[in-house]
Amino acid sequence: MARYPRLMPTDPQLFTTVISRSERISPSFQRVTITGDTLSTFEWSGFDHWFRLFLPPAAGAPLHLPAVTGRGWYKHYLAIPEETRPHCSNYTVSDFRTVDGRTELDIDVVIHRDATGEVTGGVAIWATTATVGSPVAFLDQGPMFDPPTDLRGVHLVSDESGLPALRGILRDLDPQVTGTAIIEVPSGDDVESLAAPSGVEVTWVVRGGAAEHPVAEHPVAGHSAPGHGALEALRAKIAPHPHDYAFVVGESTLATEGRRALHRAGLPKSRITFSGFWKHSPAH
């Protein structure tokens with residue numbers, strides 16, 4: 001893969017914002033909404049437009065941000081003393097809107113829990129505990145979804161970490177596009193009604209059991225390990241045409257094995273975008 005995706009901006013902008021609200025939208029997702037005076041200048045492209053999220057290192061701490069010059073920022077980030085360096089993670093724009101002169105951006109954060117049921121992970125803890133007015137910043141990175149001009153059909157695959165990306169892609173696809181979308185989530189109550197072209201078959205995989213949610217179009221039982229159910233569904237369902245395009249994201253094994261399965265089924269590697277968003281540890 002290229003060092004910089006084709007659609008990544010050459011001069012990405014860093015936006016400073018604050019939290020305006022945070023709410024649980026399903027058992028596995030917390031939606032954090034941010035706003036700010038400069039947010040209206042953010043050039044949202046739709047689809048899976050993503051960004052680098054910067055958070056204070058601790059609740060109530062100031063937010064120290066790296067200088068950004070062109071695409072360069074990481075060396076400046078590492079130069080910030082570790083005790084004051086902000087947390088940095090990659091996220092997708094879940095929604096972006098301006099209403100009554102107020103511009104807002106939604107971030108959907110996956111809620112992980114440890115063996116005792118406590119919320120775990122820096123961003124998940126931040127999303128569920130941060131207060132209105134707390135500082136947040138993000139660095140624009142553009143979309144990854146980049147189909148070729150001779151597109152015939154699409155095949156989209158993700159676990160819960162890629163749901164915001166697939167939601168946006170399905171929403172913004174041309175209505176005439178055909179294909180498949182496979183989305184694995186931890187709970188049947190995470191399944192949602194998605195705006196999608198009528199020719200794209202959406203399959204929900206509920207980890208460890210069958211979906212009970214009434215809007216699941218093709219629910220299937222999954223495995224307990226993240227991504228395994230989606231990968232099994234992919235291998236069972238996909239028969240790509242050489243001019244199709246695939247987008248596979250989520251847990252790293254799902255991304256790499258999904259790409260391998262699609263290529264073995266006849267799809268050229270150049271027509272597959274894949275990215276491991278996180279890596280599952282069996283101990284967790």
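Me: I'd like to start in the middle of this predicted model: what covers the buried residues of helix 4?
Reply: The cover over the buried residues of helix 4 includes strand 10 (154-158), strand 11 (178-185), strand 12 (199-206) and helix 5 (252-264).

Me: And which residues of helix 4 are the buried ones?
Reply: Helix 4 runs over residues 228-237, and in it G229, A230, L231, A233 and L234 are buried. As a general point, an α-helix has 3.6 residues a turn, so residues three or four places apart point the same way.

Me: Let me zoom out, then. How many helices and strands does the chain have?
Reply: The chain has five helices and 15 strands, and its C-alpha atoms fill a box of roughly 50 × 45 × 40 Å when that box is taken along the principal axes.

Me: What does the radius of gyration say about the chain?
Reply: The chain has a radius of gyration of 19 Å, which agrees with the value near 19 Å that a compact globule of 284 residues would have.

Me: How much of the chain is buried?
Reply: Of the 284 residues in the chain, 47% are buried. The accessible surface comes to about 13,500 Å², and carbon and sulfur atoms account for 51% of that surface.

Me: What about contacts between residues far along the sequence?
Reply: If you take the contacts between residues at least 6 apart in sequence, 65% of them join residues at least 24 apart.

Me: Switching to charges: how many positive and negative side chains are there?
Reply: There are 24 positive and 32 negative side chains in the chain, and the centres of these two sets lie 7 Å apart.

Me: Is there a record for part of the chain, and where does UniProt place its domain feature?
Reply: UniProt, in an unreviewed entry, places the feature "domain: FAD-binding FR-type" at residues 12-150. In the model, that span is 10% helix and 42% strand, and its end C-alpha atoms lie 29 Å apart.

Me: Now some single residues. Where is I125, and what does it touch?
Reply: I125 sits in helix 2, which covers residues 122-129, and, leaving aside residues up to four places away in sequence, I125 touches V119 and T120. Its relative accessibility is 39%, so I125 counts as partly exposed.

Me: How far is I125 from A233?
Reply: I125 and A233 are 32 Å apart in space, C-alpha to C-alpha, and 108 residues apart in sequence; A233 is one of the buried residues of helix 4.

Me: And Y74, which helix is that in?
Reply: Y74 belongs to helix 1, residues 74-79, and Y74 counts as partly exposed because its relative accessibility is 46%. From Y74 to L194 the C-alpha distance is 36 Å, with the two residues 120 apart in sequence.

Me: Last topic, the backbone: what is the phi of F47, and what is that of D100?
Reply: F47 has a positive phi of about 50 degrees although F47 is not a glycine, and D100, also a residue other than glycine, has a positive phi near 55 degrees.

Me: Where do F47 and D100 lie?
Reply: F47 is in the loop between strand 2 (29-35) and strand 3 (50-55), while D100 is in the loop between strand 5 (95-99) and strand 6 (102-110).

Me: Why does D100 count as exposed, and why does F47 count as partly exposed?
Reply: D100 has a relative accessibility of 82%, and exposed means over 50%, so D100 counts as exposed. F47 has 24%, which is not under the 20% that buried requires, so F47 counts as partly exposed.

Technical notes
Residues are numbered from 1 along each chain as its sequence is written. This is a predicted model: local features need pLDDT of at least 70, side-chain atom pairs count only at pLDDT 80 or more; totals for chains, interfaces and linings use all residues. Side-chain values use heavy atoms; hydrogens and water are left out. Helices (H or I, at least four residues) and strands (E, at least two) are DSSP runs, numbered from the N terminus. The radius of gyration is taken over C-alpha atoms; the globule rule is 2.2 Å times the number of residues to the power 0.38. Buried means under 20% relative accessible area, exposed over 50%, partly exposed in between (1.4 Å probe, protein chains only). Contact means heavy atoms within 4.5 Å. Accessible areas come from the Shrake-Rupley method with a 1.4 Å probe; for residues, only the protein chains shown count as cover. Lys and Arg count as positive and Asp and Glu as negative; His and the chain ends are not counted. The place of a charge is taken as NZ of Lys, CZ of Arg, CG of Asp or CD of Glu. UniProt positions are given in the numbering used here, feature names are shortened, and annotations may be inferred rather than shown by experiment.
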